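Dear colleague,

I am handing over the structure we spoke about, with the sequence alongside. Please open it first, and then read the notes underneath with it in view.

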Amino acid sequence: MADCGEAMARALLISTYELGRQPFGLASPAAWLKRAGVEVALADVSRTRLDPDLVRAANLIALFLPMHTATRLALPVIDRVRALNPSAHVCAYGLYAPPNADLLRERGVGTILGGEFEADLVALATSLRPGSGAPNAPAALVAPEAPVAPIAPAAPVAPLPRLRFIPPDRSGLPRLDKYASLEWPDGTNRTVGYTEASRGCKHLCRHCPVVPIYDGRFRIVDADVVLADIRAQVEQGARHITFGDPDFFNGIGHARCIVERTAAEFPGLSYDVTIKIEHLLRHAADLPLLRETGCAFVTSAVESVDDAVLAKLEKGHTRADFVRAAALMREASLALVPTFVAFTPWTTLPAYLELLEAIDELDLVDHVPPVQWSIRLLIPAGSRLLDLQEIRDVVGPFDRLALTYPWQHHDPRVDVLQQTVSAVAAQSVTRNDTFDTIRAAAADAAGVPLPAASPRLNRQRPRVPFLTEPWYCCAEPTEGQAALL
């Protein structure tokens with residue numbers, strides 16, 4: 001800690017949205033900053049109003065931008081903090097900061113950091129101590145200023161440091177029970193914590209926002225650090241842990257170690273993970289270990305059941321692979337939660353209906369969060385999708401407020417259906433009823449008869465555990481989310 005007579009750097013870290021969970025992206029850098037003697041305040045404006053006094057007291061204000069929704073919601077917050085404290089240095093960090101550097105700079109952001117940001121935030125904060133001179137932003141991670149062309153070239157991938165991670169410090173954040181919970185099939189709820197056992201990803205899926213920052217690289221978090229973080233959250237009441245790794249099986253040996261140690265120290269603690277379809281197949285022998293160690297469900301980015309679309313996205317799996325993975329998960333008594341990019345420039349009305357029917361035939365309707373039926377392909381700055389000429393041919397100039405290259409479907413009925421599905425998903429009551437409403441709308445849009453009632457409506461089906469946060473990282477903010485700001 002700093003000496004009593006030493007001028008203190010004061011940092012305010014702000015999160016606008018992190019999927020209804022306590023923001024790891026504040027807790028982790030908070031620990032690093034406090035260790036360096038920086039006075040730190042945390043503000044999760046998805047749960048509490050931004051305190052003007054905290055803004056005025058800070059000489060560094062850093063906003064965490066891990067996803068599209070959070071970045072859209074951050075823009076008015078940046079304007080607000082700049083108005084309240086024009087002398088503060090404003091920083092944006094996370095996956096969505098470098099791709100949107102130009103817009104952020106126009107809003108008054110002085111430093112842009114991408115992945116592995118903790119040490120660089122410390123360097124920046126300590127350089128802002130009174131009397132220390134100009135901010136010392138890490139040049140390698142500060143995005144260059146450049147005008148945004150109709151289709152801007154991808155920025156060069158910044159180097160990523162290898163950090164020795166330390167346990168996050170969650171003091172100053174709302175209690176875990178103020179966030180989304182896990183609802184079990186019997187209607188009971190569990191308080192949810194969140195941690196990360198790795199960062200980045202080995203894979204290069206075209207549409208993934210991790211790729212422009214990590215470019216196929218990933219970093220392991222030491223098991224002792226992960227367990228310390230879980231331990232601290234269990235002490236705060238967590239009975240379920242979400243592992244936020246982009247792919248929990250990127251390092252299979254590390255994954256085994258983590259779940260075995262977690263189950264041994266915290267019997268009865270449940271958890272969920274995200275794993276690619278190809279890794280579920282490659283490591284099928286490890287699925288029983290997940291079940292035995294308390295895995296409640298596995299999320300997997302299926303994206304589509306159209307092999308042509310999957311090839312364009314470079315997902316590394318086919319429809320047949322997905323069907324096989326679903327069967328393996330069922331055999332292992334594990335719940336599979338597929339996510340989708342349901343609307344793309346290649347989606348047709350028959351193809352959308354085929355997606356619905358495929359999920360129904362696999363008996364996965366109750367596994368799919370309703371928002372997944374409405375997700376529209378986002379094409380952010382730096383996306384590898386722009387390598388495809390067919391994408392370059394359909395996008396318009398970059399929309400700095402929407403943070404995407406806009407596109408319209410060649411069949412206007414598809415865009416109308418997406419808007420209809422989005423409205424239905426936002427008002428969903430039950431997953432089965434929402435699915436049936438969406439399927440009826442899709443059949444009507446396509447001008448085809450509504451498929452016969454599914455047998456699932458006439459039999460008892462167990463529900464699957466699910467997180468109560470209804471929204472998603474690649475969805476547009478809702479009116480309710482924007483109203484909080």
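The notes below go through the nonpolar cores, one pair of packed helices, and one further helix.

Please keep in mind throughout that this is a predicted model. Its largest nonpolar core has 91 residues, and those with the most contacts inside it are F243, F248, L290, Y352 and W373. The element that gives the most to this core is helix 13, residues 349–361, which supplies seven residues. Apart from this core lies another, of 33 residues, with A43, I61, L103 and L160 among them. To see how one residue of the largest core is surrounded, you could look at L290, which, once its neighbours within four places in sequence are left aside, is in contact with F249, V259, Y271, I275, C295, V298 and L334.

Turning to the helix pair, helix 7 (residues 223–235) packs with helix 8 (residues 252–265) at an angle of about 35°, the axes being 10 Å apart, and the crossing is right-handed. On the side of helix 7 the contact involves A223, D224, V226, L227, I230 and R231, which meet H254, C257, I258, R261, T262 and E265 in helix 8. By character, the residues of this contact divide into six nonpolar, four charged and two polar.

Finally, helix 15 (residues 412–426) has 15 residues and spans 22 Å from its first C-alpha to its last, close to the expected 21 Å. Its buried residues are V414, D415, L417, Q418, V421, V424 and A425, and these pack against helix 13 and against helix 16, residues 431–446.

With best regards

How values were computed: Residues numbered from 1 in each chain as written. Predicted model: local features only at pLDDT ≥ 70, side-chain atom pairs only at ≥ 80, totals over all residues. Heavy atoms only, no water. Core = buried A, V, L, I, M, F, W, Y, C linked by side-chain atoms within 4.5 Å. Buried < 20%, exposed > 50% of the residue type's maximum accessible area, 1.4 Å probe, protein only. Helix = DSSP H or I, 4+ residues; strand = E, 2+ residues; numbered from the N terminus. Contact = heavy atoms within 4.5 Å. Axes fitted to C-alpha atoms, helices over the stretch in contact; angles between N-to-C directions. Left-handed = near helix turned anticlockwise from the far one by under 90°. Nonpolar A, V, L, I, M, F, W, Y, C, P; charged D, E, K, R; others polar. Expected span 1.5 Å × (residues − 1).
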